[in-house]
Amino acid sequence: MNGSDRHAEELDARRLDWALREVVGGRRAPDVTAAVLARAAAGDRGVTEPLEPHAGTSRGRWLLLAAVFVLGLATAFGVGWLRQHDGADDRREAQGDLVRIVTRAAAIASLPAASKAVEVHNLDDAAVAALVARCPDLEHLCVFASTATARPASVGDRAVSITDDALVAIGSLRHLRRLELVGVQHVTGAKLRELERLPLLEHLALTFLDLDDDSLQVLPRLPSLRELDLESNQGFGARGLEAIGACPGLRVLSLAGSGPLRDDWFAPLARLTRLESLNLQAIGLSRRLLFAEGMPAPRTPEFGERGIGVAALQPWPALRHLSLANTLNIESSVGARLARDCPALQNVVLDVCLQIDDGTVADLLSLPQLRSLSVRGCPEVTAASIPRLVTATPLREVHLGKAPWLTLEHAGRLARAGKRVTCERPDDPAFEAALAALTPVSVDRVLRGRVMRDGRPVIGMVAALYAPLERSNGVQVRVTAALATAVAGDDGRFVLTAAVPPGEYELRLEDHRPSPLAGSQPAWVARRAVTIRDGETVPDLDFVLR
Amino acid sequence: MPVPIDLAALVRRHQAGLWRYLRALGAPEDLAEDLMQDTFLVAMDRLGEDRGDAAAAAFLRRTARHLLLRRRRDLGRREAILIDLADAAWRRDCGEDDGELWLASLRACLDRLEGRAREVVQRFYGEGQDRAAVAAAMGMKANGVKTLLQRVRAALRGCIEQRIGGAA
């Protein structure tokens, strides 16, 4: 096959990918009218760096650009020499890698005015107003009060919550894309409509506080909303779910620990046809671990109060990840329902769903793309499921909890079929060790690539493999450690070996050489998403720097 | 006297065509949606005045292509070449009617598919299954599905070219 044939084939694939998904799959263009109008009203011009002209560039313009570049470079180095450590933080922050954590109001005045991402802990309305005035270009704000999780005793911090009045200041952050209000239990939701002034808001978390139905009516008026997290939020009901269902752009939704909610209230969520990830675990159960002195007492449904049932589940054609963990009373027919209505599921968590059984597992294994199944603490799932688990082709992981019926012979059959099986028996270390020896936890993956600039190899850059960012108790984990690294050699090539399971990763090209701007801090200069699959070689990951 | 742009009307009139164009150039769905928004915002800023549908469509496609090239510049020169080729193919086949005639030809060609060819299209493009799932359901290897999809696409391309050529 020559080059033009390959091009023709690739062009076929691209055009037909669109056309066949439209004609056969019924996919249509999304309506972006509201989002565009909202962004335009906020003064957004669509691009943050100048567009190159469509026509050719004159020699004079090149000379001007070169002069500006040289002048800019000299200025940057001069400023860099003069700056101290903060300069390095600025650079990493601009790359979306750093969230500044502020625990004292007095520290706000020393924040760089151009800060993009800030997390405040146990501060009040005045502090948030000062932060907004100091950093008007914030894109990511998390306001955290230590009521959401156990407070670290060694720190001894005191839970302080903002009130609704702080939302007025937050509503003026026109560039805000991500807002997290965690455990701020003095927020009642009376001024949530201030968020309508945030046209770019994509991710909203209102967790570990109680908001009522009226408060949530603002949600459909947030044109850019893609991810909504209402974990441990026990103030809303039917009208709140209606408002959520009126947000058709949602891709990610968590209602974990919220409610109690009735099955028939979920019907409006059927409109969320683009939903990819849904967390419905522990609905109707209180997951509040702590409510601090001076805070309103959380609403606490009785433990064991009926959670949702199968009737709450809707057809979600794009759904890939679903958790129903701790949904104590969900019926065993959940497997058949999901196989019928959510055919794209890849990852299903049914831990502590007491009624599911081997029939449920069999139904779930008919999902054509199911890769991971978790049934920890499900007493009706037995060894009868083993033959089906062994032969389920796409399945890669199965999590069984204690599973007293699991033998090493079962585990061996699963391992030989390429399944990773976990079973927790802390009182039987010999079994756990034998299981670990059987189960192929991971294999070495080899990633190769080359770093080039202007046709020449770039030496000394570090290729570093990272897992995606994770969240923990409503707080985003910030800079993660690299899983593996490799240095580009004399020819600019690197070979990186990592013992990791299949999944989505990020490969960053990092410059670890000390520089006037970055000090001794490494800074990444490029990054690419990497998909690692069993039995497939990762294509070369070349970087072309400019 | 120049007529100012009605942004809402511009979006409603052109978003379907722009979506198809970006997808045909190889933008995944999420990226295409982002780029559509950016493109209309640039248009509001730069287009200046309403010069009619044809001029607006051409400006939007040029801008969208440019933004896509910028977003995918890390993928190197081959990607830039492919985007340019896809752009040329779009202007040749779909530029005048946002691809309606081309899609009609595709529908007619799809009706002629039978057996495994029809099934693989339904599963992969209709139901959104990945290659591994299609392979499992059809009792094939993943590479076999890949080859089958390549053959089906080539057959569809030939059929569409024949139909459009015949219609012209």
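**Chains A and B: a guided conversation**

Guide: In chain A, 65% of the contacts with a separation of 6 or more join residues 24 or more positions apart. Please note that this is a predicted model.

Visitor: Okay. How many helices and strands does chain A have?
Guide: Chain A contains 12 helices and 23 strands.

Visitor: And what share of its residues is buried?
Guide: Chain A has 546 residues, and 49% of them count as buried. The area that chain A exposes is about 24700 Å², with 54% of it supplied by carbon and sulfur atoms.

Visitor: Let's turn to the interface. How many residues does each chain bring to the contact?
Guide: Chain A contributes 52 residues and chain B contributes 65 residues.

Visitor: Which three residues of chain B supply more of its buried area than any other three?
Guide: They are B:Gln37, B:Leu41 and B:Tyr125, which supply 11% of the area that chain B buries against chain A.

Visitor: How much area do the two chains bury between them?
Guide: The figure is about 5600 Å², and 59% of it lies on carbon and sulfur atoms.

Visitor: What about salt bridges, how many are there across the interface?
Guide: There are 11 salt bridges between chain B and chain A. One of them joins the side chains of B:Asp93 and A:Arg15, with an N to O distance of 2.9 Å. As for polar contacts, 17 residue pairs are counted between the two chains, both residues being at pLDDT 80 or more.

Visitor: Which helix of chain B gives the largest share of the side touching chain A?
Guide: That is helix 2 of chain B, with 12 residues. Helices 1 to 8 of chain B each supply at least two residues of this side, among them helix 2 (29-46) and helix 8 (142-167).

Visitor: What classes of residue make up that side?
Guide: The side of chain B that touches chain A has 34 nonpolar, 21 charged and 10 polar residues.

Visitor: New topic: backbone angles. What is the phi of A:Asn326?
Guide: Its phi is near 60 degrees, a positive value in a residue other than glycine. A:Asn326 sits in the loop between strand 9 (321-323) and helix 8 (334-341) of chain A.

Visitor: Why does A:Asn326 count as partly exposed?
Guide: A:Asn326 counts as partly exposed because its relative accessibility is 28%, and the class runs between 20% and 50%.

Visitor: And what is the phi of A:Val352?
Guide: A:Val352, which is not a glycine, has a positive phi of about 55 degrees. Its place is the loop between strand 10 (347-349) and helix 9 (358-364) of chain A. With 28% relative accessibility, A:Val352 counts as partly exposed.

Note on methods. Residues are numbered from 1 along each chain as its sequence is written. Chains are lettered from A and ligands numbered from 1 in the order in which they are written. This is a predicted model: local features need pLDDT of at least 70, side-chain atom pairs count only at pLDDT 80 or more; totals for chains, interfaces and linings use all residues. Side-chain values use heavy atoms; hydrogens and water are left out. Contact means heavy atoms within 4.5 Å. Buried area is the accessible area (1.4 Å probe) that two parts lose on being put together, summed over both. A salt bridge is a side-chain nitrogen of Lys or Arg within 4 Å of a carboxyl oxygen of Asp or Glu. A polar contact is a pair of N or O atoms within 3.5 Å; within protein, one must be able to donate a hydrogen and the other to accept it, and residues adjacent in sequence count only if both atoms are side-chain atoms. Helices (H or I, at least four residues) and strands (E, at least two) are DSSP runs, numbered from the N terminus. Ala, Val, Leu, Ile, Met, Phe, Trp, Tyr, Cys and Pro count as nonpolar, Asp, Glu, Lys and Arg as charged, and the others, Gly among them, as polar. Buried means under 20% relative accessible area, exposed over 50%, partly exposed in between (1.4 Å probe, protein chains only). Accessible areas come from the Shrake-Rupley method with a 1.4 Å probe; for residues, only the protein chains shown count as cover.
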